[in-house]
Amino acid sequence: MGKPKVATTSLCGCFGCHMSLLDIDDRILKLIELVDFDKSPIDDIKEFSGRCAIGLVEGGCCNEENVKVLQSFRKNCDILILVGECAMTGGIPAMRNTIPLKECLEEAYINGPTVHNPSGKIPNDPEIPLLLNKVYPCQDVVKIDYYLPGCPPPADTIWQALVALLTDEPVELPYELIKYD
Amino acid sequence: MSDKITFMIDGVEVQAQPGQTIMVAADAAGIYIPRLCAHKDLAPFGSCRVCTVLVNGRPQSACTQPAAEGIMVENNTKKMTKMRANLIEMLLVEGNHYCPYCEKSGNCELQALAYRFGVMVPKYPFMFPNRDVDASHPDILIDRNRCVLCARCVRASRDLDGKNVFQFVGRGPEKRVEVNANARLADTNADVTDKAVDICPVGALLRKRVGFEVPIGKRLYDSKPIGSDIEAQKGA
């Protein structure tokens with residue numbers, strides 16, 4: 001039997017949580033002894049090659065593509081883990097949730113004090129994923145199994161949770177590792 | 001008649017003076033009852049219900065309920081901790097509590113309670129309410145996104161500062177902290193030295209230009225859970 005597979009993605013996030021994953025330093029050598037990485041920006045694999053044991057999701061859902069990727073993660077991963085505040089609360093992108101989408105776009109592309117946009121149009125190419133009316137936390141879209149809070153979660157949080165799951169131990173984090181910032 | 005009251009908290013005998021609340025007696029005995037709106041310098045208010053305990057099986061807020069001879073108080077049990085965690089989670093989804101960019105993070109009592117109860121994420125859907133910020137005052141900021149309506153500022157301004165700067169306006173989901181005459185904070189006699197400013201348990205009332213002064217790792221609740229100071233007094 002091959003090694004269990006791990007997939008990761010960054011939805012509406014800043015890649016800070018992926019940076020935190022890389023921040024496990026040389027333990028990443030131990031990690032690749034334990035797992036193979038599947039679809040992930042770390043190895044640049046774009047599509048799932050098979051069933052994954054663990055999916056790590058950074059960022060919330062701000063557009064239709066985020067929702068589709070999240071749904072494909074739920075479909076292809078046995079255990080789905082939200083990594084970081086944006087995935088579970090919407091985070092910084094969710095600051096727009098109290099402002100109507102039309103106003104946000106008009107401020108960004110037409111009315112903003114530093115905008116240079118002679119066409120006066122809001123980008124609407126079919127290639128651009130449609131924005132959702134607001135930013136949704138991932139647990140509002142699909143069922144989630146574990147949450148690793150933090151902005152980003154410390155490398156130790158991600159490491160301890162992954163090792164616990166891969167060695168069939170309960171995921172129990174000490175007080176110092178549960179932080180929302 | 002004896003001037004001491006004896007009662008039980010989670011099977012431990014606790015002594016109280018007549019008229020003392022359950023919370024004050026518990027604090028003196030080194031037993032932490034979680035709280036949010038209660039503050040040692042303010043009269044009890046009983047709005048947040050985080051300090052709810054079972055007194056002879058009935059839910060009562062420990063900050064307002066006087067200790068009585070022979071009562072059996074249930075505090076740190078699985079049932080009560082779960083109920084308190086639920087309350088904290090409801091407060092977290094009701095406002096816009098974004099810890100990553102909040103100046104109060106690490107020193108916030110709401111966040112610290114969530115940490116203490118092991119809340120990874122609220123189980124309720126976030127409401128993303130639209131709330132106003134008042135940054136008119138040169139030294140103080142009101143961010144209602146983070147307000148939990150504990151009334152600490154209302155009480156501190158009235159009872160400690162003698163000013164009555166803050167009041168509640170509206171009811172239900174419309175309820176919010178406003179300042180005198182529905183004006184801006186800059187139009188009041190609020191001052192940065194007021195006790196009302198620092199007494200806010202969350203990041204709703206903030207001093208300007210001091211944010212993020214204390215580095216991560218050295219803030220109030222970074223390494224020790226809220227209530228550790230009270231629990232450290234046990235047996236002292």
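**Exercise 1. The interface**

How many residues of chain A are in contact with how many residues of chain B? Work this out for the predicted model, and then describe the area buried between the two chains.

*Solution.* Begin with the contacts: 23 residues of chain A are in contact with 26 residues of chain B. Next take the area, which comes to about 2,200 Å² buried between chain A and chain B, with 67% of it on carbon and sulfur atoms. On the side of chain A, the residues that lose the most area to chain B are A:Tyr175, A:Tyr180 and A:Asp181, and together they account for 36% of what that side buries.

**Exercise 2. Polar and charged pairs across the interface**

Find which residue of chain A forms a salt bridge with B:Arg219, and then describe the make-up of the side of chain A that touches chain B.

*Solution.* The rule finds 1 salt bridge across the interface of chain A and chain B. Its partners are B:Arg219 and A:Asp181, whose closest N and O atoms are 2.7 Å apart, and this distance falls within the 4 Å that the rule allows. Across the interface of the two chains there are also 8 residue pairs in polar contact, counted with both residues at pLDDT 80 or more.

Turn then to the elements that carry the side of chain A that touches chain B: α4 (85-89) and β6 (131-136) of chain A each supply at least two of its residues, and the largest share, 3 residues, comes from α4(A). By class, the residues of this side divide into 13 nonpolar, 5 polar and 5 charged.

**Exercise 3. A salt bridge within chain A**

Locate the two partners of the salt bridge between A:Asp38 and A:Lys5, and explain why the pair ties together parts that are apart in sequence.

*Solution.* Over all chains the count comes to 24 salt bridges by this rule. In one of them A:Asp38 pairs with A:Lys5, the closest N and O atoms being 3.6 Å apart. A:Asp38 lies in the loop between β2 (36-37) and β3 (52-58) of chain A, whereas A:Lys5 lies in strand β1 (residues 5-10) of chain A, so the pair ties together parts that are 33 residues apart in sequence.

**Exercise 4. Backbone details**

Identify where the cis peptide bond ending at A:Pro152 lies, and where B:Arg49, with its positive phi, is found.

*Solution.* The peptide bond from A:Cys151 to A:Pro152 is cis, with omega near -5°, and A:Pro152 belongs to the loop between β7 (146-148) and α6 (155-166) of chain A. In chain B, B:Arg49 has a positive phi of about 65° although it is not a glycine, and B:Arg49 sits in the loop between α1 (22-28) and β3 (52-55) of chain B.

**Exercise 5. Pocket and cavity**

Describe the volume and lining of the largest pocket, and then do so for the largest cavity.

*Solution.* The largest pocket holds about 1,100 Å³ of space. Of the 44 residues that line this pocket, the closest to its centre are B:Lys104, B:Asn107, B:Glu109, B:Leu220 and B:Tyr221. Elements of chain B that each supply at least two lining residues include α5 (195-198), β10 (205-207) and α6 (228-231), and by class the lining has 23 nonpolar, 7 polar and 14 charged residues.

For the cavities, the structure holds 5 of 30 Å³ or more, and the largest cavity has a volume of about 140 Å³. Of the 17 residues lining the largest cavity, B:Cys147, B:Cys153, B:Val177, B:Cys200 and B:Ala204 are the closest to its centre. Both α4 (152-160) and β8 (166-169) of chain B supply at least two residues of this lining, which divides into 15 nonpolar, no polar and 2 charged residues.

Definitions and conventions. Residues numbered from 1 in each chain as written. Chains lettered and ligands numbered in written order. Predicted model: local features only at pLDDT ≥ 70, side-chain atom pairs only at ≥ 80, totals over all residues. Heavy atoms only, no water. Contact = heavy atoms within 4.5 Å. Buried area = accessible area lost by both parts, 1.4 Å probe. Salt bridge = Lys/Arg side-chain N within 4 Å of Asp/Glu carboxyl O. Polar contact = N/O pair within 3.5 Å; in protein donor to acceptor, adjacent residues only side chain to side chain. Helix = DSSP H or I, 4+ residues; strand = E, 2+ residues; numbered from the N terminus. Nonpolar A, V, L, I, M, F, W, Y, C, P; charged D, E, K, R; others polar. 1 Å grid on protein atoms, 1.4 Å probe; cavity = no way out; pocket = protein on both sides within 12 Å on 5 of 7 lines; lining within 4 Å. Points joined across faces, edges and corners; volume = space filled by probe spheres on them.
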